[in-house]
Amino acid sequence: MAVVAQHNFYSFDFDVMNIVLMGRSSHKKILERDNLEDYQIASQALKIVGMENYENVALPLFLMVSSGALF
């Protein structure tokens, strides 16, 4: 289980795909890099929730999404 704060003040340049890939970390060994299978799983997850077109959207726009509402 995880908690994501409503208000974040990060200055990192993550896109939506990077955020989704972070969810794969519990399935990886320490310091293991993302591989093709991880990208395929993340792409499929975005497609399931109808966000495949937002894959490369930068984090600042991603932060404008509040409480799961998308535009």
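A residue is called buried here when its relative accessible area is under 20%, exposed when over 50%, and partly exposed in between, with a 1.4 Å probe and protein chains only. By that yardstick Lys-28, at 16% relative accessibility, counts as buried. The model is a predicted one: local features need pLDDT of at least 70, side-chain atom pairs count only at pLDDT 80 or more, and totals for chains, interfaces and linings use all residues. Residues are numbered from 1 along each chain as its sequence is written, and side-chain values use heavy atoms, with hydrogens and water left out.

Now for the overall layout. The protein chain has three helices and zero strands, so its elements read α-α-α from the N terminus on (helices are DSSP runs of H or I with at least four residues, strands are E runs with at least two, and numbering starts at the N terminus). Of the 71 residues in the chain, 18% are buried. Contacts (heavy atoms within 4.5 Å) lean on distant pairings: among those with a separation of 6 or more, 57% come from residues 24 or more positions apart. About 5,900 Å² of the protein chain is exposed, and carbon and sulfur atoms supply 58% of that area; accessible areas come from the Shrake-Rupley method with a 1.4 Å probe, and for residues only the protein chains shown count as cover.

Next, the charged side chains. Side chains of opposite charge can pair when their charged atoms come close. A salt bridge is taken as a side-chain nitrogen of Lys or Arg within 4 Å of a carboxyl oxygen of Asp or Glu, and the structure holds three of them. Together they link Arg-24, Lys-28, Glu-32 and Asp-38 in a network.

Asp-38 takes part in a salt bridge with Arg-24, where the closest N and O atoms sit 3.0 Å apart. This pair ties together distant parts of the chain, with Asp-38 in helix 2 (residues 36-48) and Arg-24, 14 residues away, in the loop between helix 1 (16-22) and helix 2. Asp-38 is buried at 2% relative accessibility, and Arg-24 is buried as well, with a relative accessible area of 15%.

Asp-38 also pairs with Lys-28, the closest N and O atoms being 2.4 Å apart. Here too distant parts of the chain are joined: Lys-28 belongs to the loop between helix 1 and helix 2, Asp-38 to helix 2, and the two are 10 residues apart. Both of these partners are buried.

The remaining bridge runs from Lys-28 to Glu-32, with 3.9 Å between the closest N and O atoms. Glu-32 counts as partly exposed, at 38% relative accessibility.
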